[in-house]
Amino acid sequence: MNPSFKTVGLIGKYKSPEIAGPLLKLGDFLAGRGVKVLIDRLTASHIGDSRYPVLTLEDIGREADLAIVLGGDGTMLNIARTLAPFDVALVGINQGRLGFLTDISLDTMIETIGTILDGNCVTEERMLLAAEIFDGEQRIFDVLAFNEVVVSKGIKGSMIELEVRIDDRFLYMLRADGLIVATPTGSTAYALSAGGPIIHPALSAMALVPICPHTFSSRPIVISSDSKVEIVIKSAADARAHFDSHSRFDLREGYRMVVRRYSDTIRLLHPVGHDYYNMLRAKLHWTEFY
């Protein structure tokens with residue numbers, strides 16, 4: 001067994017009682033391998049009694065060497081943001097169709113996790129975004145995002161006008177339904193639907209993708225992850241900021257958002273043979289003929 005994986009946290013999809021059987025089966029397997037097993041407190045509330053210690057997600061981050069997430073990509077996004085400051089390796093097991101982040105099936109999880117415990121795996125470092133919102137000089141909100149930061153029009157439906165700067169240099173005034181700032185991980189999510197490029201996760205970059213811009217000349221742009229992106233709300237009847245579709249904040253004219261690369265990364269572990277391009281072909285149905 002890989003000596004670095006002595007303590008493993010198990011985290012299941014929130015409000016998903018059907019995860020109890022697979023999670024406890026995995027816990028028994030890990031315990032049989034001599035691993036200390038911890039269970040997330042919210043997960044434990046849906047699986048009934050177990051013989052494993054129950055901790056908060058933050059305490060799992062402090063104690064575990066590895067966290068195994070049973071759910072889908074949405075669950076992984078939420079867990080990754082919380083555990084990012086703790087340098088815990090993450091593995092994703094998907095309940096249904098394999099995801100971009102959760103690429104181990106329930107049918108093969110015991111065999112695959114056993115292989116990972118033996119140290120046979122592929123490691124990826126994934127970046128996050130740190131976003132801050134300012135009213136004048138006062139910071140009024142801050143949050144992390146794994147996929148993307150989005151500034152968008154609200155329920156009134158009017159276009160918004162944004163001033164965008166990169167490293168304190170003026171980029172453009174944008175009239176659009178919104179703007180996405182995406183990580184390489186998020187480049188295959190909302191940004192892709194909005195016409196943005198797919199960015200390989202090994203690259204250190206961010207994509208700025210306008211949402212339904214007023215002019216065709218407003219195109220996506222890929223910039224260095226070392227850049228600072230500033231977005232000033234110039235005109236907005238009902239603008240909002242969204243972060244991985246998990247958090248949101250109502251915006252007003254004059255508010256300023258600053259987006260940077262977060263200082264820590266997410267360490268994802270994949271089975272041996274993991275192929276990003278094969279995953280893209282499968283998920284996006286490339287090379288299929290109709």
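In this predicted model, Tyr276 has a relative accessibility of 9% and therefore counts as buried, since the limit for that class is under 20%. Its aromatic partner is Tyr277, and the two rings meet edge-to-face, with 5.9 Å from centre to centre and 75 degrees between the planes. Tyr277 itself is exposed, with a relative accessible area of 51%, so that this pair joins a buried ring to an exposed one.

A search of the whole structure finds three aromatic pairs. In another of these, the ring centres of Phe141 and Phe243 are 5.7 Å apart and the planes stand at 35 degrees, so the pair is classed as tilted. The two residues come from distant parts of the chain, for Phe141 belongs to strand E8 (residues 138–145) and Phe243 to strand E16 (residues 240–243), with their positions 102 residues apart. Phe141 counts as partly exposed because its relative accessibility is 22%, whereas Phe243, at 0%, counts as buried. Phe249 joins Phe141 and Phe243 in one aromatic cluster.

From E8 the reader can step back along the chain to the loop between strand E7 (122–135) and E8, where Glu137 is found. Glu137 counts as exposed, because its relative accessibility is 72%. The C-alpha atom of Glu137 is separated by 9.2 Å from that of Arg256, although the two residues are 119 apart along the chain. Arg256 also takes part in a contact with an aromatic ring, as its charged end sits over the ring of Phe134 at 4.6 Å from the ring centre.

Strand E18 (residues 256–270) leads on to a set of paired strands, since E18 and E15 run antiparallel to each other and are joined over four bridges. Within this pairing, Val229 has Val259 of E18 as its bridge partner. E15 also pairs with strand E10 (residues 160–166), again in the antiparallel sense, through six bridges, and here Glu163 is matched with Val232 of E15. Why is strand E15 (residues 229–235) largely enclosed by the rest of the structure? Five of its seven residues are buried, and E15 is therefore largely enclosed.

Beyond E10, the chain enters the loop between E10 and strand E11 (169–176), in which Asp168 lies. Asp168 has a positive phi of about 70 degrees although it is not a glycine, and at 51% relative accessibility it counts as exposed. A positive phi is also found at Asp87, where the value is about 55 degrees and the residue is likewise not a glycine. Asp87 is located in the loop between H4 and strand E5 (89–94), and its relative accessibility of 53% means that it counts as exposed.

Helix H4 brings the reader to the second largest pocket, because the lining of this pocket takes its largest share, five residues, from H4. The space in the second largest pocket is about 290 Å³. Of the 17 residues that line it, Tyr14, Asp40, Leu42, Asn78 and Ile79 lie nearest its centre. At least two lining residues are supplied by each of strand E1 (7–12), helix H2 (41–44), helix H3 (57–63) and helix H4 (73–83). By residue type, the lining of the second largest pocket divides into eight polar, five nonpolar and four charged residues.

Notes. Residues numbered from 1 in each chain as written. Predicted model: local features only at pLDDT ≥ 70, side-chain atom pairs only at ≥ 80, totals over all residues. Heavy atoms only, no water. Buried < 20%, exposed > 50% of the residue type's maximum accessible area, 1.4 Å probe, protein only. Pairing = 2+ DSSP bridges. Phe/Tyr/Trp six-rings, centres within 6.5 Å; stacked < 30°, edge-to-face > 60°. Lys NZ or Arg CZ within 6 Å of the ring centre and 35° of its normal. 1 Å grid on protein atoms, 1.4 Å probe; cavity = no way out; pocket = protein on both sides within 12 Å on 5 of 7 lines; lining within 4 Å. Points joined across faces, edges and corners; volume = space filled by probe spheres on them. Nonpolar A, V, L, I, M, F, W, Y, C, P; charged D, E, K, R; others polar.
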